[in-house]
Amino acid sequence: MPRDGQTAPNCYDAEAIPEAARAEIERLLTSGDLFRYTSADAPVAKLEAEFAEFMGVKYAVAVSSCSQALFLSMKALDLPRGARVLVPAFTFAAVPSAIVHADCVPVLVEVGSNFRIDLDDFRAKFDDSIDAVMISHMRGHTSDMDAIMELAAEKGVPVIEDAAHSLGTLWNGKKIGTIGKIGCLSFQSYKLINAGEGGILLTDDPELAARAVIMSGAYEHNWKKHPGLQNSFHHWQNKLPLYNCRMQNLSAAVIRPQIAEVERRVNDGRANHDYVAERLNTSDWLDVPPPLGPETRAPDSLQFNLAGDWSDDEARKLQSEAKARGVSVQVFGLSQDNARAFWNWQFLGDVPELPKTREMLMRACDTRLPARLKQPDLDYIADAILEAVIAVKG
């Protein structure tokens with residue numbers, strides 16, 4: 001609804017694709033050259049080289065989605081059928097789905113009210129039966145990577161980073177997605193770089209990179225169009241299944257010019273997030289958890305907790321009051337069939353009870369906060385949420 005002559009900001013449209021992409025897209029459409037292996041100099045190949053350099057890693061493999069990158073990670077690691085993979089219970093359903101798709105077993109770890117894994121539960125479940133760790137930096141909230149990597153090193157277990165929401169986030173100055181053995185990022189429309197769909201796998205390990213390239217769909221001798229790793233490619237030729245989850249050239253053409261926009265989007269997104277967070281934290285009924293000490297956030301959305309005593313009905317009323325003011329607020333655990341609520345992952349069979357995570361999800365709120373918003377938009381959103389709280393709690 002209009003407020004002082006202003007309408008609610010549009011929090012769903014992504015930024016326009018940079019003009020630099022248009023000529024390349026037109027060239028591809030004219031030529032019909034959409035398959036990544038038509039040439040060794042295809043847009044996908046250029047994207048892999050540019051993104052690896054941008055992230056400071058040796059190898060990047062572009063694929064159709066971050067979910068496929070996670071799946072390929074487990075296959076590249078050659079995890080055995082039935083391998084047990086530790087994963088936070090606060091993540092998107094596609095993450096445990098990728099583990100199941102790789103014939104592995106998700107072992108869900110509790111997540112606390114700060115949206116990070118509960119390290120006590122992590123340590124308790126990290127026994128000798130665990131074959132891999134997949135850390136979801138859900139909504140860009142980084143768990144304690146020092147503690148995670150230390151324990152994984154002691155156990156000799158690889159760490160996969162699901163960094164779908166974390167492009168631009170730093171941990172002790174190191175880019176999230178480059179700390180574990182493999183990092184996976186997303187180019188889906190609600191992420192910092194928007195290609196509609198798409199993902200990328202990052203690693204410094206040449207054998208993992210070679211295996212991922214072949215299994216992604218480099219059939220026959222298409223791996224020759226990837227620089228280096230020729231001995232590894234020769235070794236794995238015909239020995240690995242093909243999952244055909246390649247990225248196609250149009251997606252790469254859309255992504256490449258956005259890499260130059262990442263730093264600006266990160267800075268704007270962080271400033272927007274921190275501005276609204278500071279305003280929401282003025283209410284005794286709301287709490288935006290701070291970043292961990294070593295973490296430099298790159299948020300593209302805002303999560304906050306309903307603090308104090310809230311009933312389910314009051315939490316639902318907050319959603320409706322905010323919506324009436326033009327701002328969408330979603331309580332994770334109260335949104336029907338929410339794919340981020342672990343009890344909805346019925347494909348896992350008997351889903352374990354995780355009381356800490358359940359308690360958090362029943363009072364954790366989510367609202368979009370794109371980096372392109374300006375201060376009047378931010379004030380509108382903060383005002384709407386604070387007014388909704390007053391309408392509910394008085």
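**Close-up views: cysteines and cavities**

**View 1. No disulfides appear in this predicted model.** The count of disulfides comes to zero. A disulfide is a covalent bond between the sulfur atoms of two cysteines. To count here, the two sulfur atoms must lie within 2.5 Å. The next two views show cysteines that miss this cut-off.

**View 2. Cys-66 and Cys-184 are not bonded.** The cysteine sulfur closest to that of Cys-66 belongs to Cys-184. The two sulfurs are 5.4 Å apart, so they are too far for a bond. Cys-66 is buried, because its relative accessibility is 7%.

**View 3. Cys-245 also lacks a bonding partner.** For its sulfur, the closest cysteine sulfur is again in Cys-184. The distance is 11 Å, which is too far for a bond. Cys-245 has 3% relative accessibility and therefore counts as buried.

**View 4. The largest cavity has a volume of about 210 Å³.** Its lining holds 16 residues. Closest to the centre are Ala-14, Glu-15, Lys-191, Leu-192 and Pro-370. By type, the lining divides into seven charged, six nonpolar and three polar residues. Across the whole structure, a search finds three cavities of 30 Å³ or more.

**View 5. The second largest cavity holds about 50 Å³ of space.** Residues that line this cavity include Ala-164, His-165, Ser-166 and Leu-167. Ser-186, Lys-191, Leu-192 and Ile-193 are also among them. Ala-298 and Asp-300 belong to the lining too. Five of the lining residues are nonpolar, three are polar and two are charged. Lys-191 and Leu-192 line this cavity and also appear in the lining of the largest cavity.

Methods
Residues are numbered from 1 along each chain as its sequence is written. This is a predicted model: local features need pLDDT of at least 70, side-chain atom pairs count only at pLDDT 80 or more; totals for chains, interfaces and linings use all residues. Side-chain values use heavy atoms; hydrogens and water are left out. On a 1 Å grid over the protein atoms alone, a cavity is a set of points where a 1.4 Å probe fits but cannot get out, and a pocket is an open set with protein on both sides within 12 Å along at least five of seven lines; lining residues have an atom within 4 Å of a point. Grid points are joined across faces, edges and corners, and a volume is the space filled by probe spheres set on the points. Ala, Val, Leu, Ile, Met, Phe, Trp, Tyr, Cys and Pro count as nonpolar, Asp, Glu, Lys and Arg as charged, and the others, Gly among them, as polar. Buried means under 20% relative accessible area, exposed over 50%, partly exposed in between (1.4 Å probe, protein chains only).
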